[in-house]
Amino acid sequence: MSTESALRIVWVYPDLLSTYGDRGNLLSLSRRADLRGLPVECCEVRSDQPVPVDADIYLLGGGEDGPQALAAERLTADGGLRRAVDRRAVVLAVCAGYQLLGESFFAKGQKCPGLGLLDLRSDRGPTRAVGELAGEVDPELGLPTLTGFENHGGRTHLGPGVRALAKVTAGIGNDGATEGAWSGSVLGTYSHGPALSRNPALADLLLRWATGLDALEPLDDVWASKLRGERLGTVRARESRTTG
Amino acid sequence: MPRKPLRAKLATSVSKGAAALSRAAGRGDGAVIGGRLGLMIDPELLAHLSDGRRIALISGTNGKTTTTRLTTAALGVLGPVATNSLGANMPTGHTSALAKAGDTPYAVLEVDEHYLPQVLVSTSAEVVALLNLSRDQLDRAKEVAMMAQLWRDALQGRTVHLVANADDPMVVWAASVTDQVTWVAAGQRWHDDSWVCPKCGGAIERVEVSVELPRDPLAGAPSTAGEGTAGEGAGEPTGADVVEVETASQPTIGSGGGAPDADWRCTNCDLRRPTPQWTIDGTAVVDPDGGHHEISLQLPGRVNRANAAVALAVAAWFGASPADAMPRLAEVASVAGRYAQVQRDGKAIRLLLAKNPAGWLEAFDMADPEPTLLSINARDPDGLDTSWLFDVDFSPLAGRSVLITGDRAFDLAVRLEVNEIPFRHVRTFAEALGATPPGRLEVIANYTAFQDIRAELDRVN
């Protein structure tokens, strides 16, 4: 298997941005590529190493305030991620990683400059958003309902240069109305940690974007389907209890 | 014991009565309700009940209940010891435990890590054991660095002696506000919450000790007594002479586990592993004078040898010699159901509790390669978020027959699939027993899942 043809996935700064099961997205993507016979190379880039420019998929996880601010500083100084996005690499960013892709975010009581890769701004919300998150995904992406777990204190305001990833049906997401954002091949979400394990169709969308393939061989997702059914059933039951 | 004020006497009596009533009514084990009522009558009751006792507190993310039990056993050689052995580790539980115990010269109390500052003040504890800090229920618990800061602030300027884990950078930073510390090489298998220096934000570098530790002292593995880390116990600095017997390594971040015993230092500031006075050398605890004490525990795993070392160090502070105390540790067979072994339907079942990624790594170290049942819930006491399952590498289970159950078995199923560990889903514990051939069954479960299975086994202790 030549290095040239392998799908290269980079986990950006796991020493700073890896709070809660963030490794799961890397594992899900590489496993799903592997099952399709697509050769994969995974690479973990620490914050004291340069971010490679020529990988196919970049993953950013969640983090505490201090590490988040430090990650944004170092990514800006490094410039690798920006150049990768310029050549249409795929990015999936979660929670703190999502916020720092925007124009600005709040950490440790201060407004910090983000990477400006997504047209959005984050500030502090009145309450911490903790719990199940669900939403109907932007029809343009052709994905089933988004399900996840969120745990963040931020609120995110989208500018005209991005589209919301989903309309919130449970939880808070960006602001109680929309959740996440996407533009080109850069996608961010508050569905934290192993978001792709609950949303295999989203994982496959990223793989299709990265490979240019129109379709991928379907996989046996019976356990993921059961998990999705259970989690979405739980938030629906909660919804009908509170409204009914 | 000094005379208690009248209000405290009344509160103590109500507290004991309520606990008895709670037990009699079958509403609980009385570990909390008595304390709650007592504290309503006398908010200072915990302080009053602590008066005249010499008290040790045990705190940390993992191993609190077990280490509390072992320390209580060790201190028993000096006299009666009050303890909250039922795991009720907040002030109401402490109050209940002390009220119920009556006058005792000693008390050993397990303390929830969030409550340590408050309980330190209420009890005027003489010794505090700090075991470890790692991610645990992040949907409601404090982040790890914040927890370390909370401890650090609470310990600043207090007259208290610490027995602390030299292998956990977060613990070392919290404890280093005082020089009144006995350092124990208690190990740290889970490294993913301490790659960043809590003091300066620099990178923490680890150098693994090359000494091969036997997997279990009862398994007949060769003893390494007399080799390796013994020099550290003799009080020599962990300097260049120690580095010579180590092999440098750069473990992969995010892989969860690393060597449980590794020298470490911040690459940017002066925070580094202090020289431990108490170490573990193969199957022995080495005391500060270099004395080897062969560990004969019924409890499994390397982590319990470390818990035993902490217990001996705390007991030694009060004047109990390790030689006298060690036989008492061997009497502990299980701790509130943890490690309990039960015969049921021709199966020898052993129960292991694991509540968070660090705990799961330790459980895999303890579990034997036998059919294994994993059970996961996400109820309030567990934390509602199951994301941490992806922080655990389940590959040690490869080759075992794995059954999964619990409220959140599907989360586990998806995790194991990615880990390429075959499994079978069962809906109930009874179904799990039916699906297991005669012989051993190892059960690893998180908190409420563990309690559910314990209930099926007649609340085994």
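# A guided tour of chains A and B

Start by selecting chain A: buried residues make up 52% of its 244 residues. What you have open is a predicted model, so treat the tour as a walk through a prediction.

**Stop 1: chain A as a whole**

Keep chain A selected and colour it by secondary structure. You should find seven helices and eleven strands. Turn the chain around on screen: its C-alpha atoms fill a box of roughly 60 × 45 × 30 Å along the principal axes. How does the radius of gyration of chain A agree with that of a compact globule? A compact globule with 244 residues would have a radius near 18 Å, and chain A, with 17 Å, agrees with that. Contacts in this chain often join distant parts of the sequence: among those between residues at least 6 apart, 71% join residues at least 24 apart.

**Stop 2: a hairpin in chain A**

Now select residues 104-107 and 110-113 of chain A, which are strand 5 and strand 6. These strands pair in the antiparallel sense over four bridges. Show the side chains of A:Phe106 and A:Lys111, and you will see a pair of residues that stand opposite each other. Strand 5 and strand 6 of chain A form a hairpin with two residues between them. In the turn, click on A:Lys108, where phi is positive at about 50°.

**Stop 3: A:Cys95**

Next, select A:Cys95, in the loop between strand 4 (90-94) and helix 4 (96-100) of chain A. A:Cys95 is not a glycine, yet it has a positive phi of about 55°. Is A:Cys95 buried or exposed? With 27 other C-beta atoms within 10 Å, A:Cys95 is buried, because 20 or more are enough to count as buried.

**Stop 4: where chain A meets chain B**

Bring chain B into view. How many residues of chain A are in contact with chain B? The contact involves 31 residues of chain A and 25 residues of chain B. To find the chain A side, select helix 1 (23-35), helix 2 (65-78), strand 7 (120-137), strand 8 (146-158) and helix 7 (222-243) of chain A, the elements that each give two or more residues to it. Colour this side by residue type and you get eleven nonpolar, eleven polar and nine charged residues.

**Stop 5: chain B and its domains**

Hide chain A for a while. Chain B holds 16 helices and 18 strands, and of its 461 residues, 55% count as buried. For contacts in chain B with a separation of 6 or more, residues 24 or more positions apart account for 73%.

Give residues 53-330 one colour and residues 341-456 another: the domain assignment of chain B makes these domain 1 and domain 2. The contact between them takes 20 residues from domain 1 and 16 residues from domain 2 of chain B. On the domain 1 side, the residues touching domain 2 divide into four nonpolar, nine polar and seven charged.

**Stop 6: a parallel sheet in chain B**

Look for an open sheet of six strands in chain B, in the order 2-3-1-4-5-6, with parallel pairing. At its edges stand strand 2 (81-83) and strand 6 (181-184) of chain B; each has a single partner strand, so one side of each is left without a neighbour in the sheet. On average, neighbouring strands of this sheet are turned by 15° against each other, direction ignored.

Zoom in on strand 2 and strand 3 (residues 106-111) of chain B, which pair over three bridges in the parallel sense. Here B:Thr83 has B:Val108 of strand 3 as its bridge partner. Then add helix 5 (residues 91-101) of chain B, which packs on the sheet and touches strand 2 and strand 3. The direction of helix 5 makes about 145° with that of strand 2 of chain B.

**Stop 7: a mixed sheet in chain B**

Another open sheet of six strands in chain B has the order 13-14-18-15-16-17, with mixed pairing. Strand 13 (341-344) and strand 17 (424-425) of chain B are its edge strands, each pairing on one side only. Select strand 14 (residues 347-353) and strand 18 (residues 439-445) of chain B: they run parallel, joined by seven bridges. B:Leu351 stands opposite B:Val443 of strand 18. Now show helix 14 (residues 409-418) of chain B, which lies across strand 15 (372-375), strand 16 (402-405) and strand 17.

**Last stop: B:Ala336**

Finish in the loop between helix 12 (322-330) and strand 13 of chain B, where you will find B:Ala336. Phi of B:Ala336 is positive, near 45°, and this residue is buried, with 20 other C-beta atoms within 10 Å.

Key:
Residues are numbered from 1 along each chain as its sequence is written. Chains are lettered from A and ligands numbered from 1 in the order in which they are written. This is a predicted model: local features need pLDDT of at least 70, side-chain atom pairs count only at pLDDT 80 or more; totals for chains, interfaces and linings use all residues. Two residues are in contact if their C-beta atoms, placed from the backbone, lie within 7 Å. Ala, Val, Leu, Ile, Met, Phe, Trp, Tyr, Cys and Pro count as nonpolar, Asp, Glu, Lys and Arg as charged, and the others, Gly among them, as polar. Domain bounds come from an automatic or database domain assignment. Two strands pair if DSSP finds at least two bridges between them. Axes are lines fitted to C-alpha atoms, for helices over the stretch in contact, and angles run from 0 to 180 degrees between N-to-C directions. The radius of gyration is taken over C-alpha atoms; the globule rule is 2.2 Å times the number of residues to the power 0.38. A residue is buried if 20 or more other C-beta atoms lie within 10 Å of its own, exposed if 12 or fewer, and partly exposed in between; C-beta atoms are placed from the backbone.
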